[in-house]
Amino acid sequence: MNEEVLRVDGMSCAHCKQAVEQSVGALQGVKKVTATPEKDEVVVSFEDPASINGIKGAIEDAGYEVV
């Protein structure tokens, strides 16, 4: 199991949190995702076939920027 902490710009509210968590959580292999807008942070626990690039893509598809 891998765990990554990503810095994400643009999250500012509960809706942002929900959008990121739903987008990333829909990926196969993602076990847990917690977005914290107050810290501009997303913590993801995942295993194959999920990848860090796929996770970053899901966050960007939700409308936020991984920095």
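Trainee: Which residue in β3 stands opposite Val5?
Mentor: Val43 in β3 stands opposite Val5. This is a predicted model, in which local features need pLDDT of at least 70, side-chain atom pairs count only at pLDDT 80 or more, and totals for chains, interfaces and linings use all residues. Residues are numbered from 1 along each chain as its sequence is written, and side-chain values use heavy atoms, with hydrogens and water left out.

Trainee: What makes β1 a strand?
Mentor: A strand is a DSSP run of E with at least two residues, a helix is a run of H or I with at least four, and both are numbered from the N terminus. Strand β1 covers residues 2–9, so the run meets the minimum of two.

Trainee: How do you know that β1 and β3 pair, and how many bridges join them?
Mentor: Two strands pair if DSSP finds at least two bridges between them. Strand β1 and strand β3 (residues 41–46) are joined by 6 bridges and run antiparallel, so the condition is met. Within β3, Ser45 is the bridge partner of Glu3.

Trainee: How many bridges connect β1 and β4?
Mentor: There are 2 bridges between β1 and β4 (residues 65–66), in the antiparallel sense, so the pair satisfies "at least two". Val8 stands opposite Val66 of β4.

Trainee: In what order do the strands form the open sheet?
Mentor: The order of the 4 strands is β2-β3-β1-β4, with antiparallel pairing. The edges are β2 (30–36) and β4, each with a single partner strand, so one side of each has no neighbour in the sheet.

Trainee: Which strands does helix α1 touch, and what angle does its direction make with that of β2?
Mentor: Helix α1 (residues 14–25) packs on the sheet and touches β2 and β3, and its direction makes about 165° with that of β2. Helix α2 (residues 52–61) also packs there, touching β1, β2, β3 and β4, at about 30° to the direction of β1. Contact means heavy atoms within 4.5 Å. The angles run from 0 to 180 degrees between N-to-C directions, with axes fitted as lines to C-alpha atoms, for helices over the stretch in contact.

Trainee: What makes a set of residues a nonpolar core, and how many are in the largest one?
Mentor: The members must be buried Ala, Val, Leu, Ile, Met, Phe, Trp, Tyr or Cys, joined through side-chain atoms within 4.5 Å. The largest such core has 18 residues, and Val24, Val42 and Ile59 have the most contacts inside it. Two or more residues each come from β1, α1, β2, β3 and α2. Ile59 touches Leu6, Val8, Val20, Val24, Val42, Tyr64 and Val66, leaving out residues up to four places away in sequence.

Trainee: Why is the pair of Arg7 and Asp9 called a salt bridge?
Mentor: The term requires a side-chain nitrogen of Lys or Arg within 4 Å of a carboxyl oxygen of Asp or Glu. For Arg7 and Asp9 the N to O distance is 3.9 Å, so the pair qualifies. Arg7 also forms one with Asp40, at 3.5 Å. Arg7 is in strand β1 and Asp40 in the loop between β2 and β3, so this pair ties together parts 33 residues apart in sequence.

Trainee: Why is Asp40 called partly exposed?
Mentor: Buried means under 20% relative accessible area, exposed means over 50%, and partly exposed lies in between (1.4 Å probe, protein chains only). Asp40 has 22%, so it falls in the middle class. Leaving aside neighbours within four places in sequence, Asp40 is in contact with Leu6, Arg7, Val8 and Met11.

Trainee: How do you class Lys31 and Glu47, buried, partly exposed or exposed?
Mentor: Lys31 has 51% relative accessibility and counts as exposed, whereas Glu47 has 32% and counts as partly exposed. These two form a salt bridge, with the closest N and O atoms 3.3 Å apart. Lys31 is in strand β2 and Glu47 in the loop between β3 and α2, so the pair ties together parts 16 residues apart in sequence.
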